[in-house]
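Trainee: I should like to learn how to read a structural model in an orderly manner. May we work through one together?

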Amino acid sequence: MSTIELKEKKYKRVITILSIIIPVAVAALFGINLRKLGFDVEPLRFLPPIYATVNGITAVLLIAAMIAIKNGKKALHERLNTLAVICSVLFLVMYVAYHMTSDSTTFKGEGFIKYLYYFILITHIILSVIVIPFVLVTLMRAKLGKFSEHRKIAKVTFPIWLYVAVTGVIVYLMISPYYV
């Protein structure tokens, strides 16, 4: 087995573990409200517009990374994608922190807008879980220098990740009038 094959096997193991642990941990932490458990913590109500902005920045970074690679700027493409991953992690940390200190907000829109909101929310949540292994495999293939395989999976990863980032902002804009 070559060095690249050994590295790939190691990366795949880590990707599998992270692809399971991240959604499970987020779901578990989302269900824990520190205030309801008796902890004297101030709700982090200031976070939603910040993490929505971070989602928006992620979308811009992804588009900029696509433009960079189409223009042959590989180093810039890599830096922009690294920043997009960092933004996604920051979003996740802030999102969990907010939900661990605040009560969930109910969407109060009615009619078509309610169905639209829930469609966007549900697809956003499902795809945010699905995109994790795609992002990690895409990054792994680039790190291993498997650029033709990287390009193939990036064609799937990019639109899903971009959808998750953009719909995160849309969900925030739609629910924000109902924050307490």
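Mentor: We shall go from the overall fold to helix packing, then to burial and salt bridges. Please keep in mind that this is a predicted model.

Trainee: Which secondary structure elements does the protein chain contain, and in what pattern?

Mentor: One begins by listing helices and strands in sequence order. Here the protein chain has 5 helices and 0 strands, and its pattern along the sequence is α-α-α-α-α. The C-alpha atoms occupy a box of roughly 55 × 35 × 25 Å along the principal axes. Of the 180 residues, 34% count as buried.

Trainee: How do the axes of α2 and α3 cross?

Mentor: For a helix pair, one considers the distance between axes, the angle and the handedness. The axes of α2 and α3, the latter spanning residues 74-101, come within 8 Å and cross at roughly 165°. That angle makes α2 roughly antiparallel to α3, because angles over 145 degrees are classed in this way. The crossing of α2 and α3 is left-handed.

Trainee: I should now like to consider the loops. Is F39 buried or exposed?

Mentor: One compares the relative accessible area with the cut-offs: under 20% is buried and over 50% is exposed. F39 lies in the loop between α1 (3-30) and α2 (47-70), and its relative accessibility of 51% means that F39 counts as exposed. F39 also belongs to a nonpolar surface patch with L29, I32 and L37, and together these residues have about 360 Å² of accessible area.

Trainee: And is F107 buried or exposed?

Mentor: F107 is placed in the loop between α3 and α4 (112-143). With a relative accessibility of 7%, F107 counts as buried. A further reading concerns separation in space: F107 and N71 are 36 residues apart along the chain, and their C-alpha atoms are separated by 42 Å.

Trainee: Let us turn to charged side chains. How many salt bridges are there?

Mentor: The criterion is a side-chain nitrogen of Lys or Arg within 4 Å of a carboxyl oxygen of Asp or Glu. By that rule the count is 5. One of them joins the side chains of E8 and K12, with an N to O distance of 3.5 Å.

Trainee: Where do E8 and K12 lie, and how accessible is each?

Mentor: Both residues are in helix α1, 4 residues apart, which is about one turn of the helix. E8 counts as buried at 10% relative accessibility, whereas K12, at 44%, counts as partly exposed. Salt bridges may also be read as networks, and one such network links E8, K12 and K146.

Trainee: Which residue forms a salt bridge with D103?

Mentor: The partner is K36, and the closest N and O atoms are 3.7 Å apart. D103 lies in the loop between α3 and α4 and K36 in the loop between α1 and α2, so this pair ties together parts that are 67 residues apart in sequence. As for accessibility, D103 counts as partly exposed at 38%, while K36 is exposed at 65%.

Trainee: Which residue meets R141 in a salt bridge?

Mentor: That residue is E149, whose side chain meets that of R141 at 3.6 Å, N to O. E149 has a relative accessibility of 31% and therefore counts as partly exposed.

Methods: Residues numbered from 1 in each chain as written. Predicted model: local features only at pLDDT ≥ 70, side-chain atom pairs only at ≥ 80, totals over all residues. Heavy atoms only, no water. Patch = residues over 30% accessible without salt bridge, like charges linked within 9 Å, V, L, I, M, F, W, Y side chains within 5 Å. Areas by Shrake-Rupley, 256 points an atom, 1.4 Å probe, with all protein chains shown as cover. Helix = DSSP H or I, 4+ residues; strand = E, 2+ residues; numbered from the N terminus. Buried < 20%, exposed > 50% of the residue type's maximum accessible area, 1.4 Å probe, protein only. Axes fitted to C-alpha atoms, helices over the stretch in contact; angles between N-to-C directions. Parallel < 35°, antiparallel > 145°, perpendicular 65-115°, else oblique. Left-handed = near helix turned anticlockwise from the far one by under 90°.
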